[in-house]
Structures are given as C-alpha cells and as structure tokens.
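Please open the model in a viewer and keep the selection tool at hand. The tour below proceeds by selection, with a short account of what is found at each stop.

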Amino acid sequence: MGLLTGILTLPLAPLRTTLWAAEQLQAAAEAQYYDPAPVRQALVDLERALLEGRIDETEYDRREDELLDRLDEINARGQGPRP
C-alpha cells in the first residue's frame with residue numbers, strides 16, 4: 001500500500017482492524033469445530049457409558065450415529081477443496 005493510499009484510507013483503519021479480528025475469530029472457531037479429537041473422545045466416553053450400564057443400546061446407537069456423522073463431516077471437509 002502506497003503512502004497516498006494509506007493516508008486516504010486512514011479513516012477506514014478501524015473497519016479493517018475489525019474485519020481482520022473477525023476473520024481471526026472465524027478461523028479459530030472453524031479449527032476447533034473441525035477438530036476430530038473431541039468427537040473421537042466422545043465415542044470412547046459413549047462406549048464406556050454403555051459398558052457401565054449408564055445408557056441403553058438404543059441411546060448408544062442414536063448418539064453413536066450422530067458422532068459418526070460428525071466425523072464423516074470433518075473428514076469430508078479435510079479432503080475437499082479449502083476456501
């Protein structure tokens with residue numbers, strides 16, 4: 001950015017800073033949302049709950065399907081083109 005452009009667009013600096021911060025927040029949220037580790041841990045915890053008798057097989061199947069669908073979503077995003 002040239003000196004003249006910098007001077008002329010100086011009033012927009014707060015807007016650019018706000019947009020940059022929003023982009024950083026979005027990137028951090030997406031990284032956390034698409035992390036497979038918590039989903040895998042939830043599967044382990046779910047199986048433990050079934051084995052300990054805290055949930056029945058119907059509940060286990062329902063929640064397992066949700067978690068596996070979530071893992072599929074994460075894996076599909078990891079293999080697809082990145083924006």
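## First stop: Arg62 and its partners

Select Arg62, which is partly exposed, with a relative accessible area of 42%. The model in view is a predicted one.

Next, add Glu59 to the selection. The side chains of Arg62 and Glu59 meet in a salt bridge, with 2.7 Å from N to O. Glu59 and Arg62 are three residues apart in helix α4, so about one helical turn separates them. Glu59 counts as partly exposed, at 26% relative accessibility.

Now select Glu66 as well. Glu66 also forms a salt bridge with Arg62, and the closest N and O atoms are 2.7 Å apart. Glu66 and Arg62 are four residues apart in helix α4, so the separation is again about one helical turn. With a relative accessible area of 45%, Glu66 is partly exposed. Finally, include Arg63: salt bridges that share partners join Glu59, Arg62, Arg63 and Glu66 into one network.

## Second stop: the whole chain

Clear the selection and display the protein chain as a cartoon. How many helices and how many strands does the protein chain have? There are four helices and zero strands. Read from the N terminus, the order of elements is α-α-α-α. The radius of gyration of the protein chain is 22 Å, well over the 12 Å that the globule rule gives for 83 residues, so the chain is more spread out than a compact globule.

Turn the model to view it along each principal axis. The C-alpha atoms of the protein chain fill a box of roughly 70 × 25 × 15 Å along these axes.

Switch to a surface display. About 6,800 Å² of the protein chain is exposed, and carbon and sulfur atoms supply 59% of that area. Of the 83 residues, 13% count as buried.

Colour the chain by charge next. The protein chain has 9 positive and 16 negative charges, and the mean positions of the two sets lie 9 Å apart.

Contacts may be considered before moving on. Among contacts in the protein chain with a separation of 6 or more, 54% are between residues 24 or more positions apart.

## Third stop: Arg70

Return to helix α4, which covers residues 57-79, and select Arg70 within it. Is Arg70 buried or exposed? Its relative accessibility is 15%, so Arg70 counts as buried, the cut-off for buried being under 20%.

Show the residues around Arg70. Apart from neighbours within four places in sequence, Arg70 is in contact with Tyr33, Tyr34 and Val39.

## Fourth stop: Pro36

Select Pro36, which lies in helix α3. Which residues does Pro36 contact, neighbours within four places in sequence left aside? They are Leu71 and Ile74.

Draw a distance from the C-alpha atom of Pro36 to that of Gln26. The two residues are 10 residues apart in sequence, and their C-alpha atoms are 18 Å apart in space.

## Fifth stop: a salt bridge in helix α3

Continue along helix α3, residues 36-51, to Asp45 and Arg48, which lie three residues apart, about one turn of the helix. The side chains of Asp45 and Arg48 meet in a salt bridge, at 3.4 Å from N to O. Asp45 is partly exposed, with a relative accessible area of 34%, and Arg48 also counts as partly exposed, at 42% relative accessibility. For the model as a whole, the count comes to seven salt bridges.

## Final stop: from helix α3 to Glu64

Select Val44, also placed in helix α3. Val44 counts as partly exposed, at 40% relative accessibility. Draw a distance from Val44 to Glu64: the C-alpha atoms are 10.0 Å apart in space, while the residues are 20 apart in sequence.

Then move to Glu47, which is likewise found in helix α3. Glu47 is partly exposed, its relative accessibility being 42%. How far apart are the C-alpha atoms of Glu47 and Glu64, and how many residues lie between these positions along the chain? The C-alpha separation is 8.7 Å, and the two are 17 residues apart along the chain.

Note on methods
Residues are numbered from 1 along each chain as its sequence is written. This is a predicted model: local features need pLDDT of at least 70, side-chain atom pairs count only at pLDDT 80 or more; totals for chains, interfaces and linings use all residues. Side-chain values use heavy atoms; hydrogens and water are left out. Helices (H or I, at least four residues) and strands (E, at least two) are DSSP runs, numbered from the N terminus. The radius of gyration is taken over C-alpha atoms; the globule rule is 2.2 Å times the number of residues to the power 0.38. Buried means under 20% relative accessible area, exposed over 50%, partly exposed in between (1.4 Å probe, protein chains only). Contact means heavy atoms within 4.5 Å. Accessible areas come from the Shrake-Rupley method with a 1.4 Å probe; for residues, only the protein chains shown count as cover. Lys and Arg count as positive and Asp and Glu as negative; His and the chain ends are not counted. The place of a charge is taken as NZ of Lys, CZ of Arg, CG of Asp or CD of Glu. A salt bridge is a side-chain nitrogen of Lys or Arg within 4 Å of a carboxyl oxygen of Asp or Glu.
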